[in-house]
Amino acid sequence: MIRVARAFVFFALTAAAFGQVGGPVMGYLPDGNSLRTIHGIPAAGSVGDALSAGRKLTQVEVSPNQTLALATASDSGELWVLTPSADGSAVGSAPVGGATAGANRFVFSPSGNAAALWFSSTGHIQILQGIGLSSAPAVRDLDASFAGGDPAALAVSDDGLWAVGAWSSKVYAFGPNRQVTLLPVDGAAQALSFFHSKADVAVFTPTQVVTFTDIAGSAAPTVLWSQSAEAAAATNPIAVGLAVSFDNAHLTIAGNTGALFTFDLATGAAVAADCACVPTGLVGLGGSLYRLNGANAGAVKVFDAATNDVWFVPLAAPAEVGGQQ
């Protein structure tokens with residue numbers, strides 16, 4: 001009887017989500033030159049038709065606050081900002097004033113208020129502060145060429161004052177006054193994340209998960225998990241994403257095999273999940289929700305760090321509605 005009741009509730013939610021015209025927008029999914037609107041809620045969602053930005057683009061990344069996306073123009077390498085309409089039915093586009101063309105990579109801050117661009121040819125980081133990027137943001141250039149090569153991971157704080165990058169076995173923090181700090185980590189960092197609205201940083205290496213409180217000051221480390229180098233060599237853990245929930249309550253790590261580990265940052269307790277997918281990262285959808293993969297996966301997987309649930313969202317309104325995995 002309980003199972004029947006749950007099924008009834010699930011299908012009722014599904015009907016509500018699919019029945020709303022321009023109904024709740026969960027977020028946006030890059031798909032080639034376009035964005036697709038993810039409608040509904042994690043338990044009953046669908047991915048809509050592609051919304052063209054009107055030009056050929058590469059490296060489309062959606063902000064965690066789901067209000068805009070960044071992309072590079074395929075022909076010129078110029079940075080563009082894409083702005084979806086409130087109901088997710090259209091998308092506008094404009095060049096980003098002041099940003100240098102040819103960025104090889106860009107990342108958003110945890111809340112999407114700032115972004116960091118990486119340029120392989122110069123070894124420089126360019127930070128964009130104050131997004132709305134459709135108007136010219138404040139742009140700050142940092143020289144990281146001394147680190148050698150491309151960073152394995154890159155992160156920027158919400159206020160745009162700090163950036164952190166991982167090179168080989170070193171993690172450098174770049175401050176607002178051009179100061180550079182070496183953070184004490186064990187091993188080669190694979191993933192980094194700032195906390196929301198803080199100068200606190202989380203780092204994953206094969207031998208530890210560590211957080212640093214206030215890198216602008218004491219940079220005090222707290223180790224949440226660790227294992228020996230021998231154990232790491234045997235298990236070969238590879239992280240494709242690390243993120244902190246919007247309330248800074250949960251820290252989640254996504255592994256390349258589909259394993260998900262979430263730490264309760266108040267208690268230090270950890271729980272595991274498996275997305276039964278090949279995640280490409282942890283893309284914030286607001287709150288404790290993350291998108292795990294992209295449009296080429298057949299069905300988008302969504303993870304809720306607060307409940308430890310994994311859901312799938314089909315790429316088109318299906319004849320049968322899927323449920324929790």
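On a 1 Å grid laid over the protein atoms alone, a pocket is an open set of points where a 1.4 Å probe fits, with protein on both sides within 12 Å along at least five of seven lines, and its lining residues are those with an atom within 4 Å of a point. The structure described here is a predicted model, in which local features need pLDDT of at least 70, side-chain atom pairs count only at pLDDT 80 or more, and totals for chains, interfaces and linings use all residues. Residues are numbered from 1 along each chain as its sequence is written, and side-chain values use heavy atoms, with hydrogens and water left out.

Pockets come first. Rolling a probe the size of a water molecule over the atoms shows where empty space is left. By this approach, the second largest pocket holds about 320 Å³ of space, where a volume is the space filled by probe spheres set on the grid points, which are joined across faces, edges and corners. Its lining is made up of 17 residues, and those nearest the centre are F204, W225, P237, I253 and F261. Two strands, β21 (250–255) and β22 (259–264), each supply at least two residues of this lining; strands are DSSP runs of E with at least two residues, numbered from the N terminus. The most generous contributor to the second largest pocket is β22, with three residues. Sorted by class, the lining of the second largest pocket comprises 11 nonpolar residues, six polar ones and no charged ones. In this sorting, Ala, Val, Leu, Ile, Met, Phe, Trp, Tyr, Cys and Pro count as nonpolar, Asp, Glu, Lys and Arg as charged, and the others, Gly among them, as polar.

The largest pocket has a volume of about 1100 Å³. Its lining counts 44 residues, with E61, V107, G281, L282 and V283 lying nearest the centre. Elements that give two or more residues to this lining include β1 (25–31), β4 (57–62), β8 (105–108), β20 (239–244) and β24 (283–286). The lining of the largest pocket divides into 27 nonpolar, 13 polar and four charged residues.

The strands β21 and β22, already met at the second largest pocket, also belong to an open sheet of four strands in the order β20-β21-β22-β23, with antiparallel pairing. Two strands are taken to pair if DSSP finds at least two bridges between them. The edges of the sheet are β20 and β23 (270–274), each of which pairs on one side only. From one strand to the next, the twist averages 15°, based on axes that are lines fitted to C-alpha atoms, with angles running from 0 to 180 degrees between N-to-C directions. Five bridges join β22 and β23 in the antiparallel sense; one bridge partner in β23 is A270, which faces F263 in the pairing. The same two strands, β22 and β23, form a hairpin with five residues between them, and G268 in the turn has a positive phi of about 85°.

Most residues other than glycine have a negative phi, and most peptide bonds are trans. Q59, although not a glycine, has a positive phi of about 55°. This residue sits in strand β4 and is partly exposed at 30% relative accessibility, where partly exposed lies between buried (under 20% relative accessible area) and exposed (over 50%), using a 1.4 Å probe and protein chains only. N308 is likewise not a glycine and has a positive phi of about 65°. The place of N308 is the loop between β26 (299–304) and β27 (309–314), where N308 is partly exposed at 22%.

Side chains of opposite charge can pair when their charged atoms come close. Two salt bridges are present in the structure, each being a side-chain nitrogen of Lys or Arg within 4 Å of a carboxyl oxygen of Asp or Glu. In one of them, R36 meets D31 at 2.6 Å, N to O, and D31 is partly exposed, with a relative accessible area of 26%. R55 and D75 form a salt bridge at 3.5 Å, N to O. This pair links distant parts of the chain, with R55 in the loop between β3 (44–52) and β4 and D75 in the loop between β5 (69–73) and β6 (79–84), 20 residues apart. R55 is partly exposed at 25%, whereas D75 is exposed at 66%.
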